[in-house]
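Please open the model in your viewer and keep the selection tool at hand. The tour moves from one selection to the next and says what is found at each stop.

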Amino acid sequence: MEQVNGDTLAAARKVIAVHINYPSRAAQRGRTPAQPSYFLKPSSSLSLTGTAVERPAGCELLGYEGEIAIIIGKAARRVDVENAWSHVAAVTASNDLGVYDLRYADKGSNLRSKGGDGFTPVGPALIPADAVDPAKLRVRTWHNGELMQDDTTADLLFPFARLVADLSQLLTLEEGDIILTGTPAGASVAVPGDVLEVEVSALGSEGGQLSSGRLVTRVEEGTTAFADFGARPKADDLQREEAYGSREAAGLPAVGPVLSPELKAKLESVCTATLSSQLRKRGLNNVSIDGLTATRPDRKVVGLARTLRYVPNREDLFKTHGGGFNAQKRAIDSVNEGEILVMEARGEKGTGTIGDILALRAQVRGAAAIITDGGVRDFSAVAAMELPTYYSNPHPAVLGRRHIPWDTDITIACGGTTVQPGDIIVADSDGILVIPPALAEEVANDSIAQEREEVFIAEMVAQGHGVDGLYPLNAAWRARYEEWEAGKAND
């Protein structure tokens, strides 16, 4: 088979990469796109097998992603899906490398994070496209000899012909252009000294095994620091989780305790008024988020807190933190099913902190609620959603008027109280409470017991008894309550 060489790289005027295409990767990321989305990598990022890639100085998270690269053989413009594969000359292995430390600065383009020299190795051999079934290809990735990725193209979200046809609707795919077709689950992080290998294989039309051979890339440490006139590398736990594939793989602690179905059911069965009194008995008086209105006051909400902090707008800082995949978007795009996104907006009512598109994204991801002590944009649309939102007021302005989205999953202040990631939030028509996880089980149990007593008390009041000694129960009334409770148990 023909080998990838310098002429192959020189012929690639465009390198186009697909964001998510394998179901395993979509499941890992927690989002399945309805349509393919793309980004460009510069042709200067291309390199051959056996070359070294530099992890830039100051960077921590050099991510690797084994992929199948398709090489365009003849120009494609407005081709249909049925004929698109005829425009492909060959397939081979590729590694879509990138540094997550610079992702924040890309505003969605991936130029800094994925465009570095050598960040797109391809090869070593070209498998002729007419010799393979594009739905019967296999891609594998090894990290220091350990198999990390192993998947096939049998159930891609977007088959290769669809990618070619889709891209050709808008731009001309030229001979030599390269399309990176997505990576399966298992991508992770490499450090200097590591060796990465990627191989694409297929069952050939004559029954023989066709393979790209192993694409080998060595990782080296960069020595030239970034200048202060451009974006500098920085990493946070969200980027570590994204780069490694999970918090566990990144060596990060889980965000908060697990809210078991049993504990959640207990908390849903009692009122926040009851929970508040039980927290007060334990010396906790400042655990309510105050001054907010609910779009769905009829709903009872229980979930684990995820947090987002806004700081006052300063124009120079908004330029570096306000655009692109900023903290607000990262928080929305990482909130998980049953979690509640709580925002610190300092009670500032002069701008919105959430709008209809991002609220819809949170709803699609399964968030239990959004809580902000700031404004809401696109209020009618947000209020019409199933997702409950708690807010200070509607306001038409965007973030940049008063806020910079600054950080996620940190301790914040919202509505006059402190909220930490993993705190348990309970909200109903009476208000919003923040319950320390360590106390939740006993507070829930005692609240259930308290409400049982209050059912008895209400019955006695309805029968004409006065509240003196009955509310709260004195010794005599408690004895009668225990008889009543025993009778209910025997019914």
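The stops below cover a helix, the nonpolar cores and a surface patch.

Bear in mind throughout that this is a predicted model. Begin by selecting residues 160-168, which form helix H5; seven of its nine residues are buried, so the helix is largely enclosed by the rest of the structure. The buried positions to highlight are Phe160, Ala161, Leu163, Val164, Ala165, Leu167 and Ser168.

Next, extend the selection to the largest nonpolar core, which has 34 residues, and in which Ile68, Ile70, Trp85, Phe160, Val164 and Leu173 have the most contacts. At least two residues of this core are supplied by each of strand S1 (15-18), strand S6 (66-72), strand S7 (88-95), strand S11 (137-143), H5 and strand S15 (195-203). The largest share, six residues, comes from H5.

Within that core, centre the view on Val164 and display its surroundings: once neighbours within four places in sequence are left aside, Val164 is in contact with Ile70, Ile72, Ala76, Val79, Ala84, Val88, Leu173 and Ile179. Apart from the core that you have been viewing lies another one, of 21 residues, and to find it you can select Leu308, Ile332, Val376 and Met385, which are among its members. In soluble globular proteins, nonpolar side chains tend to be buried together.

For the last stop, turn to the surface and select Val461, Val467 and Tyr471, which make a nonpolar patch of about 290 Å². Val461 belongs to helix H13, residues 437-462, and is partly exposed, its relative accessible area being 37%.

Key:
Residues numbered from 1 in each chain as written. Predicted model: local features only at pLDDT ≥ 70, side-chain atom pairs only at ≥ 80, totals over all residues. Heavy atoms only, no water. Buried < 20%, exposed > 50% of the residue type's maximum accessible area, 1.4 Å probe, protein only. Helix = DSSP H or I, 4+ residues; strand = E, 2+ residues; numbered from the N terminus. Core = buried A, V, L, I, M, F, W, Y, C linked by side-chain atoms within 4.5 Å. Contact = heavy atoms within 4.5 Å. Patch = residues over 30% accessible without salt bridge, like charges linked within 9 Å, V, L, I, M, F, W, Y side chains within 5 Å. Areas by Shrake-Rupley, 256 points an atom, 1.4 Å probe, with all protein chains shown as cover. Salt bridge = Lys/Arg side-chain N within 4 Å of Asp/Glu carboxyl O.
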